[in-house]
Amino acid sequence: MEKLISASLIGLSQGAIFALMALALVLVFRSTRVVNFAQAGQAMVSTYIGWEVVTRTDNYWIALPAAALAGALLAAIIETFLMRPLAKRASHGAIAPVASIIASLGVLGVLHSGAAMIWTTEQKLFQSPVSVNGIEIGSTVYPFSQADMLIISTVIIVMLIFAFFFQRTSLGLSLRAAAFQPEISRLAGVRVDRVRTIGWALSGAAGAIVGVLVTPGSYLSPFSLDILLVYGFVAAVIGGLESPQGAALGGLILGMSLSFTSIYVSSGLTFIVPFVVLLLILIVKPKGIFGGGNSRNA
Amino acid sequence: MHSTHRRRLILFIIVGAVLFYFSSRVGILRLYQGSTVSMYVIAIGSIILLTGYSGQISLGNGAFMAIGAYVAVLSQLYLNLPFFLTFFVAVLGAALAGLVLGIAAARLTGPYLAGATLALAVALPSIANLFPALGGEQGLGYDSGNAPALFGEVARFKWLFWISSLAALITCLILQNILKSRYGRVWKSIRSNSVAAELTGVNAPRSKVLAFILSAGIAGLAGAVLTMSLGTVSPSAFPLSLSFALITGAVIAGISSLLPGSLVGAVVLVGMSQLVGTLTTRFEIGDVLAQNLKELIVSALLILAVVFTPNGPGEKIREMRDHRRHHSHGGHR
């Protein structure tokens with residue numbers, strides 16, 4: 001019973017992180033058809049900005065929005081000055097289907113090495129605003145801390161804000177329209193280019209929040225968030241790459257499978273589980289759980 | 001034998017003879033770099049076949065290299081195979097893994113395939129830590145043997161260079177023949193329009209799986225060659241960054257150019273280390289900067305290449321020539 005509770009709680013906390021990372025990837029993919037591998041690098045750089053803020057002000061609650069802002073700005077820059085011109089230049093030939101993936105790998109490399117030059121590869125300690133020790137109930141200590149609760153609640157709040165934004169505001173509507181039918185949206189007066197940049201910026205902010213949430217309690221280095229990209233991407237693909245609900249569900253599925261296998265089977269399976277889960281789901285549904293409807297063509 | 005095949009074969013024999021001649025006239029460092037270049041040529045060739053021709057993207061060819069490497073080592077360790085045979089077994093083992101994943105992957109397109117192969121690249125090296133027989137983090141040793149007695153006393157690095165460059169030459173020859181054959185055209189047709197290709201009677205899923213299997217097998221050979229030149233195999237030899245480096249190498253000189261593309265990419269990847277080393281000592285760059293300079297340059301190069309010469313410099317030059325011709329025609333009229 002104890003094991004079951006622990007596994008579910010850890011799964012929930014990990015799942016929340018994966019879900020937000022997956023959402024960041026989904027936001028970019030639905031608006032510009034780009035799988036953004038630089039997301040991990042962008043989140044990492046934003047987290048370093050947050051770290052700079054937190055070491056100077058000693059206040060986590062200033063660092064979180066500061067990092068989100070930095071993430072949004074960085075993403076907007078990458079979209080405007082690299083991805084948009086690239087879409088026009090590499091539109092034909094053998095490279096066309098993979099050009100954006102390859103460019104984002106390049107950006108990831110630049111961010112990695114740039115950050116290592118600025119902040120060195122030495123691990124930085126990022127203080128958590130709340131306790132990172134397991135919660136004690138009766139005589140048993142659960143591997144679930146206040147920090148995990150902070151993660152879960154923040155992710156839920158961020159997701160709700162996104163859901164409200166997309167469903168209830170006119171800018172959110174333009175974003176969905178531009179992702180769904182760029183040409184027709186343009187005719188209807190949506191400034192598709194600008195709306196796409198906003199999609200990237202939102203995604204950058206989401207990635208930055210992931211970094212600032214997950215880093216306290218462990219260390220920050222130029223490579224510390226890379227593995228989250230893999231998990232986030234797997235979660236996004238499970239969910240179908242297009243749907244925010246899919247991202248949330250995919251994150252949860254992955255988080256739970258990881259925590260249950262590591263508690264009940266072996267923690268040595270951490271890197272193998274995502275592959276197995278992904279493959280099983282893709283064999284049944286090659287375009288993910290929420291993907292592949294005929295409503296849209298890629 | 002087809003006449004173009006024969007011409008190609010003769011050309012490769014000449015190149016081999018030239019390499020053989022030079023192997024006795026250069027130092028250990030150049031021989032070592034030559035082996036590494038050969039390894040990259042093979043590995044980049046596997047990406048060019050898969051991405052440049054069949055239009056599928058794999059972020060996991062580093063994983064197939066790992067499979068090839070471990071199969072080679074295990075077949076030597078437990079079956080006592082002579083080391084030439086371990087290379088064949090490595091190709092078969094990796095190709096078999098490619099078949100398994102390829103069947104699953106045939107239904108996956110673009111980003112979904114990228115996701116599956118990325119997860120594979122992360123998952124696979126960690127398997128070595130699960131089974132004691134695979135040697136864990138330390139890995140296993142591999143005996144690359146010695147040159148046959150008829151060559152006399154051959155220095156180790158020269159021997160390694162011979163083997164790896166021979167492997168690269170044979171791979172390029174076979175790949176070139178495949179890519180210029182009916183299969184190459186079929187893959188290209190699927191890449192540009194799979195519906196149209198199927199209407200002409202092409203079995204698109206089967207052709208894609210075939211490309212995946214071939215690519216995996218070739219990557220397996222690259223893994224075996226890498227293991228041979230390191231003399232050991234361990235999970236740390238196959239990080240995710242290796243898979244990314246292969247893509248970089250394939251893109252720099254044009255993703256559908258096997259020759260000279262894969263060679264240019266391999267030389268850039270290997271040469272960059274030396275260039276950065278030279279720059280570092282010449283300009284006394286600090287350690288922090290120097291350690292990361294190579295990745296910065298390679299990544300920047302990748303971005304610039306994909307933005308300015310998306311389909312390789314060759315294509316770019318052709319395009320500019322066509323453009324000019326078009327203009328001068330317009331002027332005359």
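# Chains A and B: helices and a shared interface

Student: What is the stretch from 85–105 of chain B like, helix or strand?

Tutor: In this predicted model, residues 85–105 of chain B are 100% helix and 0% strand. The C-alpha atoms at the two ends are 29 Å apart.

Student: Which residues of chain B does UniProt list as "transmembrane region"?

Tutor: An unreviewed UniProt entry gives that label to residues 9–31, 37–55, 62–79, 85–105, 112–134, 159–179 and 209–230 of chain B.

Student: Let's take 159–179 of chain B. How far apart are the end C-alpha atoms there?

Tutor: They lie 30 Å apart, and the span is 100% helix and 0% strand.

Student: New topic: how many residues does each chain bring to the contact?

Tutor: Chain B brings 47 residues and chain A brings 48 residues.

Student: And what area do chain B and chain A bury between them?

Tutor: About 4000 Å², with 79% of it on carbon and sulfur atoms.

Student: How many salt bridges and polar contacts cross the interface?

Tutor: There are 0 salt bridges between chain B and chain A. For polar contact, 3 residue pairs turn up, with both residues at pLDDT 80 or more.

Student: Which elements of chain B give two or more residues to the side touching chain A?

Tutor: Helices H2 (28–53), H4 (83–105), H5 (110–127), H10 (240–252), H12 (287–308) and H13 (312–332) of chain B.

Student: Which of them gives the most?

Tutor: H12(B), with 13 residues.

Student: And what classes of residue are on that side of chain B?

Tutor: The side of chain B that touches chain A has 32 nonpolar, 9 polar and 6 charged residues.

Conventions
Residues numbered from 1 in each chain as written. Chains lettered and ligands numbered in written order. Predicted model: local features only at pLDDT ≥ 70, side-chain atom pairs only at ≥ 80, totals over all residues. Heavy atoms only, no water. Contact = heavy atoms within 4.5 Å. Buried area = accessible area lost by both parts, 1.4 Å probe. Salt bridge = Lys/Arg side-chain N within 4 Å of Asp/Glu carboxyl O. Polar contact = N/O pair within 3.5 Å; in protein donor to acceptor, adjacent residues only side chain to side chain. Helix = DSSP H or I, 4+ residues; strand = E, 2+ residues; numbered from the N terminus. Nonpolar A, V, L, I, M, F, W, Y, C, P; charged D, E, K, R; others polar. UniProt positions renumbered as here; feature names shortened; annotations may be inferred.
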